[in-house]
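I wanted a quick tour of this fold before going back to the bench. These are my notes on what I looked up, in the order I got to it.

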Amino acid sequence: MIVSMTGFGKASKQLPTKKITVEIKSLNSKGLDLNVRMPSAYREIELSLRNKISQALERGKVDVSLYVEMTGTETSSKVNAPVVSEYMNQMKAVLPNADETELMKMAVRMPDALKTEREEIDENEHAEIIQLVDEALTNISTFRKDEGLSLDKDFKLRIENIRKYMNEVIALAPERIVAVKERLQNAIDELKTNVDENRFEQELIYYLEKLDITEEKVRLGNHLDYFLQTMERNEANGRKLGFITQEIGREINTMGSKSNHSEMQKLVVMMKDELEKIKEQVLNVL
């Protein structure tokens with residue numbers, strides 16, 4: 001079963017004093033490249049989230065974002081009253097006639113005038129975040145499978161196109177043999193010399209054997225079948241499909257080097273074009 005590495009999943013939930021949103025985005029990559037962004041107060045749960053996401057997504061360039069939006073009346077920053085009061089006392093000693101309001105404005109801008117209380121994550125909130133990550137992972141997995149269905153259709157179409165062009169190449173083989181014989185015979189006739197017909201036939205057979213593409217046809221057909229079979233397997237198969245395309249390419253190139261026929265070479269170019277399109281899309285397969 002084809003699964004794409006490209007996907008997006010999102011989940012959010014409103015808690016009593018905050019709204020938490022989890023977004024997961026993935027693109028194609030040779031391995032797993034996981035990047036997690038979250039508020040510093042939530043870093044204690046980052047490792048567990050990384051392990052969960054790594055096991056679920058396996059491969060891809062994955063960006064995970066955890067957003068926390070405060071919606072209640074509580075704030076994480078509070079006025080450090082003793083410090084502000086001390087600043088005002090010091091400024092009164094320097095500026096005894098200054099207005100209290102102005103001194104207050106100056107005091108709250110001074111260092112340590114505000115203190116930020118580190119927010120602890122309780123078990124309930126931790127469980128809510130895990131649930132949101134699971135929901136986002138489900139959504140991105142669905143997205144990946146839908147993308148995989150599109151890739152599946154495209155691969156099958158292009159594999160069958162290659163098979164069709166291959167059969168057309170084989171159909172031209174007899175015509176090519178006749179053309180090769182005529183070309184060699186004409187070359188000998190131009191030499192205006194007597195040639196041993198038996199020796200000529202032996203050399204011709206040897207030459208035609210070197211141009212024979214029967215083995216390439218069999219191997220290419222097997223590789224095309226193996227590609228389709230690998231697509232249907234449940235495990236991640238992107239790398240294996242990439243290896244198979246390399247083998248398909250070798251057989252197509254050998255056919256091209258042996259073709260020695262303009263129409264056959266055109267068909268070989270068309271096969272190469274289909275294969276390149278497959279290679280581009282295989283990079284997106286999990």
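**Entry 1: a strand pair to start from.** I began in the middle of the sheet and found Ile24 standing opposite Val64 in β4. Worth writing down straight away: I am working with a predicted model. In the register next to that pair, Ser26 stands opposite Val62 in β4. I then looked up the whole β2/β4 pairing: ten bridges join β2 to β4, which covers residues 60-70, and the two strands run antiparallel.

**Entry 2: the other neighbours.** How many bridges join β1 to β2? I got eight, between β1 (residues 7-14) and β2 (residues 18-27), again antiparallel. The two strands make a hairpin with three residues between them. At that end I noted Gln14, whose bridge partner in β2 is Lys19. Next I checked β3 against β4, and this pairing is parallel, over six bridges. Leu34 stands opposite Val62 in β4, and Val62 is also the residue I had found opposite Ser26.

**Entry 3: the sheet as a whole.** Putting the strands in order gave me β1-β2-β4-β3, an open sheet of four strands with mixed pairing. Which strands sit at the edges? They are β1 and β3 (32-37), each of which pairs on one side only. Direction ignored, neighbouring strands of this sheet are turned by 10° against each other on average.

**Entry 4: helices on the sheet.** Helix α1 (residues 46-57) packs on the sheet and touches β2, β3 and β4. Its direction makes about 145° with that of β3. Helix α4 (residues 123-171) packs on the sheet too, touching β1, β2 and β4. I have its direction at about 150° to that of β1.

**Entry 5: an odd backbone angle.** In the loop between α1 and β4 I stopped at Glu58. Its phi is near 65°, a positive value in a residue other than glycine. I flagged it because most residues other than glycine have a negative phi. Is Glu58 buried or exposed? Neither quite: at 44% relative accessibility, Glu58 counts as partly exposed.

**Entry 6: aromatics.** I searched for aromatic pairs and the count came to one. The pair is Phe155 with Phe227, edge-to-face, at 5.6 Å centre to centre and with 85° between the planes. Phe155 lies in helix α4 and Phe227 in helix α7 (residues 214-231), so this pair ties together parts that are 72 residues apart in sequence. Both Phe155 and Phe227 are buried.

**Entry 7: nonpolar cores.** Which residues have the most contacts inside the largest nonpolar core? My list reads Phe155, Leu220, Phe227, Ile248, Ile252 and Met271, in a core of 28 residues. The elements giving two or more residues to this core are α4, α7, α8 (238-259) and α9 (262-282). I picked Ile252 for a closer look: not counting residues up to four places away in sequence, Ile252 touches Ile162, Leu220, Val268, Met271, Lys272 and Leu275. Another core lies apart from the largest one and has 24 residues, among them Val36, Leu57, Leu66 and Ala136. As a reminder to myself, nonpolar side chains tend to be buried together in soluble globular proteins.

**Entry 8: a buried acid.** Back in helix α4, I looked up Asp152. Why does Asp152 count as buried? Its relative accessibility is 15%, and the cut-off for buried is under 20%, so Asp152 falls on the buried side. Leaving aside neighbours within four places in sequence, Asp152 is in contact with Ile2, Met231 and Glu232.

**Entry 9: whole-chain numbers.** I left the totals for last. The chain has nine helices and six strands. Of its 286 residues, 36% count as buried. Among contacts with a separation of 6 or more, 79% come from residues 24 or more positions apart. The chain exposes about 17200 Å², and carbon and sulfur atoms supply 51% of that.

Notes: Residues numbered from 1 in each chain as written. Predicted model: local features only at pLDDT ≥ 70, side-chain atom pairs only at ≥ 80, totals over all residues. Heavy atoms only, no water. Pairing = 2+ DSSP bridges. Axes fitted to C-alpha atoms, helices over the stretch in contact; angles between N-to-C directions. Contact = heavy atoms within 4.5 Å. Phe/Tyr/Trp six-rings, centres within 6.5 Å; stacked < 30°, edge-to-face > 60°. Buried < 20%, exposed > 50% of the residue type's maximum accessible area, 1.4 Å probe, protein only. Areas by Shrake-Rupley, 256 points an atom, 1.4 Å probe, with all protein chains shown as cover. Core = buried A, V, L, I, M, F, W, Y, C linked by side-chain atoms within 4.5 Å.
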